[in-house]
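Got the viewer open? Keep the selection box handy, and we'll go from stop to stop.

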Amino acid sequence: MPREKKTDVNRLITLLNETYGTEYKCYLNFETPFQLLIATMLSAQCTDARVNIVTKDLFVKYPTVEYFANADITELEKDIYSTGFYKNKAKNIIACSRKLLELYNGEVPSDIDQLTALDGVGRKTANVIRGNIFHEPSIVVDTHVKRISNKLGLTDSEDPVTIEKELMKILPKEQWILYNIQIIQHGRTVCIARKPKCEECTLAEICPSRK
C-alpha cells in the first residue's frame, strides 16, 4: 500500500474516533443472539427505526426460536408487513429457525460459513452477528459503508464482498467494527446520500469527493 494511502487511513481513523467515539453500539434492539439475527434479517431494505418498532411486539408474540419455527407463514407475513419484502422475509425466518433447531439446538453459530448457510443470511447479516454477539472483528458493508467508502477513495468497487475484503486490507483489525458504527452514523447525519453536508463534515480535509 502506498505511504500516502496509509497516512490518509490513519488520519481517517483519528477523525472518526474523535468525532464519533469508540463505543461499540448496535442500532437494532435485541436481547438475545437469535433476536439480533431476526432483526437484522428484517432490516434488509428497511430502516433500523422501523425494525425496532416491529420487533417490539414481534419478540413478545414469538419469544423463542421454536415460536418462529412453528409460525403460520401468513400470520408472520402480516406481523412483519411494514418492513417490506415481507413474503420472502417470513419464508426465510421460518426456514432459518427450523434449521437452527435442527443443526444447532436453537443456538446461533459464530462461524461465518455456518451463518451464511442459513436461509436469508448473507455476509452482511452474518458479520452483524459476528461483530455484535461474538465480538469477532468484521466489516458490515451496508449502503452507508459502501457509498462512503467509495467517496473516501478506499474502494472503487460496487460489490459488497469485494468492498469488505478491500477494507479489511486497508483498515487495522481493531477498527473494523468501529468503522461500521462510525460510518453508519456519519451517513445518517452528515454524508447523507441525497444531500451531503460537506461544509459540516469533519472528514472533508481528507475526502476526495468533497464539494
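What follows is a walk through the model, one selection at a time.

**Stop 1: confidence.** Before anything else, bear in mind that this is a predicted model. Colour the chain by pLDDT: the average is 93, and 96% of the residues score at least 70. Then select residues 1-7, where pLDDT stays under 50. For that stretch the model has six contacts beyond four places in sequence.

**Stop 2: the largest core.** Next, select Leu37, Ile38, Leu58, Phe68 and Leu76. These are the residues with the most contacts inside the largest nonpolar core, which has 34 residues. Which helices each supply at least two residues of this core? Show α2 (33-42), α3 (48-61), α4 (65-69), α6 (86-104), α7 (112-116) and α8 (123-132), and you have them. The largest share comes from α2, with seven residues.

Now centre on Leu76 and show what surrounds it. Leaving out residues up to four places away in sequence, Leu76 touches Leu58, Tyr62, Phe68, Ala71, Ala90, Ile93 and Ile94. There is also a second, separate core of 26 residues; to find it, pick Val9, Ile139, Cys201 and Ile206, which are among its members.

**Stop 3: the rings.** How many aromatic pairs does a search of the whole structure find? Four. Start with Tyr62 and Phe68: their ring centres are 4.9 Å apart and their planes meet at 25°, so this pair counts as stacked. Both Tyr62 and Phe68 are buried. Add Phe34 and Phe59 to the selection, and you are looking at one aromatic cluster made of Phe34, Phe59, Tyr62 and Phe68.

Move on to Tyr81 and Tyr86 for a tilted pair, with 4.7 Å from centre to centre and 50° between the planes. Tyr86 is partly exposed, at 25% relative accessibility.

While you have rings on display, select Arg188 and Tyr27 too. Arg188 lies over the face of Tyr27, at 4.7 Å from the ring centre.

**Stop 4: helix α11.** Show residues 176-189, which make up helix α11, and pick out Ile183 within it. Is Ile183 buried or exposed? Its relative accessibility is 0%, so Ile183 counts as buried. Setting aside neighbours within four places in sequence, Ile183 is in contact with Leu16, His144, Val145 and Ile148. For a distance to check in the viewer, try the C-alpha atoms of Ile183 and Arg147: they are separated by 9.8 Å, with the two positions 36 residues apart along the chain.

Stay in α11 and select His186. This residue is buried as well, with a relative accessible area of 2%. What does His186 contact, leaving aside neighbours within four places in sequence? Display Tyr20, Ile148, Cys191, Cys201 and Leu203 around it. Ile148 is worth leaving on screen, since it appears in the contacts of Ile183 and in those of His186.

**Stop 5: helix α10.** Finish on residues 160-170, and look down the axis of α10. The buried residues here are Ile163, Glu164, Leu167 and Ile170. They cover an arc of only 130° around the axis, which puts them on the same side of α10. Where are the exposed residues Lys165 and Lys169? Rotate to the face turned away from the buried side of α10, and there they are.

Conventions:
Residues are numbered from 1 along each chain as its sequence is written. This is a predicted model: local features need pLDDT of at least 70, side-chain atom pairs count only at pLDDT 80 or more; totals for chains, interfaces and linings use all residues. Side-chain values use heavy atoms; hydrogens and water are left out. Helices (H or I, at least four residues) and strands (E, at least two) are DSSP runs, numbered from the N terminus. Buried means under 20% relative accessible area, exposed over 50%, partly exposed in between (1.4 Å probe, protein chains only). Contact means heavy atoms within 4.5 Å. A nonpolar core is a set of buried Ala, Val, Leu, Ile, Met, Phe, Trp, Tyr and Cys residues joined through side-chain atoms within 4.5 Å. Rings of Phe, Tyr and Trp (its six-membered ring) pair if their centres lie within 6.5 Å; planes under 30 degrees apart count as stacked, over 60 as edge-to-face and the rest as tilted. A charge sits over a ring if NZ of Lys or CZ of Arg is within 6 Å of the ring centre and within 35 degrees of the ring normal. The arc is that of the directions from the helix axis to the C-beta atoms. pLDDT is the predictor's confidence in each residue, from 0 to 100.
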